Amino acid sequence: MKIIRVPDYEAMSKQAADVLIKRIKELPAPVIGLATGSTPKGMYEQLISAHQNEGLSFRHVTTFNLDEYIGLPPSDPNSYHSFMQETFFRHIDIPLENIHIPNGEAALLENECTRYEALIDKKEIDVQVLGIGENGHIGFNEPGTSFDQITHVTTLTHSTRQANARFFQSAEAVPKQAITMGIASIMKSRKILLLASGLRKAEAVARLFSGNISEDFPASVLHHHPCVTIIADNEALSLSNMKGRTI
Ligand code: PGA
């Protein structure tokens with residue numbers, strides 16, 4: 001694991017965008033795995049700025065999002081379809097058909113999971129961007145999820161619903177289930193870029209660096225991946241006692 005320590009959220013966002021911009025320029029058909037939440041928002045702003053001010057094109061880019069709530073229509077402002085559209089896609093020139101997000105309204109959710117995993121296998125994600133939950137989740141793979149899981153329907157934990165309640169009218173309004181890429185799906189990516197910012201993430205980051213690998217702490221699986229870069233700011237690293245280095 002390569003760990004890059006940055007001063008703050010803005011620096012994290014810039015570094016993360018730079019990693020993606022490099023791949024987007026290098027590869028003829030880059031496939032990028034994307035995340036939602038507060039963490040990657042600044043990275044999306046940087047990518048939009050590169051598109052608008054430096055002519056970076058996304059015409060040849062394919063994206064896969066990690067997850068989507070079950071039961072929210074894409075038009076719901078809290079759906080991840082809506083989040084991605086508003087935060088990123090509508091500001092860039094990516095073709096609609098290159099965007100992939102699980103369909104949380106599918107009549108047959110199991111079939112949707114199978115379809116999504118097959119697409120990931122076909123396209124092969126080059127760089128997967130991840131946030132980290134306060135409970136160590138990656139995507140919506142909650143503690144206790146098997147490391148062998150591929151894309152599946154998951155029940156969100158109380159702590160995840162509480163953490164995401166800030167976007168909804170109440171904690172009760174947060175959907176109880178989601179479709180998420182599984183841990184095994186994420187681990188198929190060639191490279192993984194995990195971002196962490198703020199004191200809220202300090203405990204999870206310290207636990208990740210402790211090196212204990214357990215399904216009780218999903219992010220710990222990343223120790224098994226050959227190419228992980230973690231970009232974390234001073235606050236997120238405040239309980240970890242480490243400078244930028246490799247572990
Ligand atoms: P956040 O969520 O970026 O909103 O903190 C990250 C996550 O829960 O994976």
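**Figure 1. Buried residues of helix α7 in the predicted model.** Helix α7, residues 202-209, has as its buried residues A202, A204, V205, L208 and F209. These residues lie on the same side of α7, because they cover an arc of only 165 degrees around the axis. As background, an α-helix has 3.6 residues a turn, so residues three or four places apart point the same way. The structure shown here and in the following figures is a predicted model. The packing partners of the buried residues of α7 are β1, β9 and β10, the last of these spanning residues 228-233. After α7 comes G211, which has a positive phi, near 90 degrees.

**Figure 2. Surroundings of L208 in helix α7.** L208 is a residue of helix α7. L208 counts as buried because its relative accessibility is 1%, and the cut-off for buried is under 20%. With residues up to four places away in sequence not counted, L208 touches M1, I132, F217, A219, S220, H223 and I230. V129 stands 79 residues from L208 along the chain, and the C-alpha atoms of the two are separated by 16 Å.

**Figure 3. S240 and its contacts.** S240 is found in the segment after β10. Is S240 buried or exposed? S240 counts as buried, because its relative accessibility is 12% and buried means under 20%. When neighbours within four places in sequence are left aside, the residues in contact with S240 are V205, A206 and F209. Of these, V205 and F209 are among the buried residues of helix α7.

**Figure 4. The largest nonpolar core.** This core has 40 residues, and M43, L47, F58, F88 and F89 touch the most other members. Two or more residues come from each of β1, α1, β2 (31-34), α2 (41-54), α3, β6 (127-130) and β9. The largest share, six residues, is given by α1. Another core, of 34 residues, lies apart from this one, and includes A35, L119, I183 and L194.

**Figure 5. Contacts of F58.** F58 is one of the residues that touch the most other members of the largest nonpolar core. Its contacts, leaving aside neighbours within four places in sequence, are I24, L47, H51, F88, I92, D93, I94 and P95. F58 also belongs to the lining of the largest cavity, as do I24, L47 and F88.

**Figure 6. The largest cavity.** How many cavities of 30 Å³ or more are there? The count comes to one. The volume of the largest cavity is about 40 Å³. Its lining consists of L20, I24, I32, L34, L47, F58, V61, T63 and F88. At least two of the lining residues are supplied by α1, and at least two by β2. By class, eight residues of this lining are nonpolar, one is polar and none is charged.

**Figure 7. The largest pocket.** The space in the largest pocket is about 590 Å³. Its lining is made of 35 residues, and those that lie nearest the centre are T36, G37, S38, Y80 and N164. Two or more lining residues come from each of β4 (67-69), α3 (80-87) and α5 (158-164). Which element gives the most to this lining? The element is α3, with five residues. The lining comprises 12 nonpolar, 16 polar and seven charged residues.

**Figure 8. The second largest pocket.** About 160 Å³ of space is found in the second largest pocket. The residues that line it are K2, I4, V19, R23, V127, K191, I192, L193, C227 and T229. β1 (2-6), α1 (9-26) and β9 (191-196) each give at least two residues to this lining. With three residues, β9 provides the largest share. Six of the lining residues are nonpolar, one is polar and three are charged. β1 and β9 also appear among the elements against which the buried residues of α7 pack.

**Figure 9. E124 and its backbone angle.** E124 sits in the loop between α4 (109-123) and β6. Its phi is positive, about 65 degrees, although E124 is not a glycine. In general, most residues other than glycine have a negative phi. E124 is partly exposed, because its relative accessible area is 44% and partly exposed covers the range between 20% and 50%.

Technical notes
Residues are numbered from 1 along each chain as its sequence is written. This is a predicted model: local features need pLDDT of at least 70, side-chain atom pairs count only at pLDDT 80 or more; totals for chains, interfaces and linings use all residues. Side-chain values use heavy atoms; hydrogens and water are left out. On a 1 Å grid over the protein atoms alone, a cavity is a set of points where a 1.4 Å probe fits but cannot get out, and a pocket is an open set with protein on both sides within 12 Å along at least five of seven lines; lining residues have an atom within 4 Å of a point. Grid points are joined across faces, edges and corners, and a volume is the space filled by probe spheres set on the points. Helices (H or I, at least four residues) and strands (E, at least two) are DSSP runs, numbered from the N terminus. Ala, Val, Leu, Ile, Met, Phe, Trp, Tyr, Cys and Pro count as nonpolar, Asp, Glu, Lys and Arg as charged, and the others, Gly among them, as polar. Buried means under 20% relative accessible area, exposed over 50%, partly exposed in between (1.4 Å probe, protein chains only). The arc is that of the directions from the helix axis to the C-beta atoms. Contact means heavy atoms within 4.5 Å. A nonpolar core is a set of buried Ala, Val, Leu, Ile, Met, Phe, Trp, Tyr and Cys residues joined through side-chain atoms within 4.5 Å.
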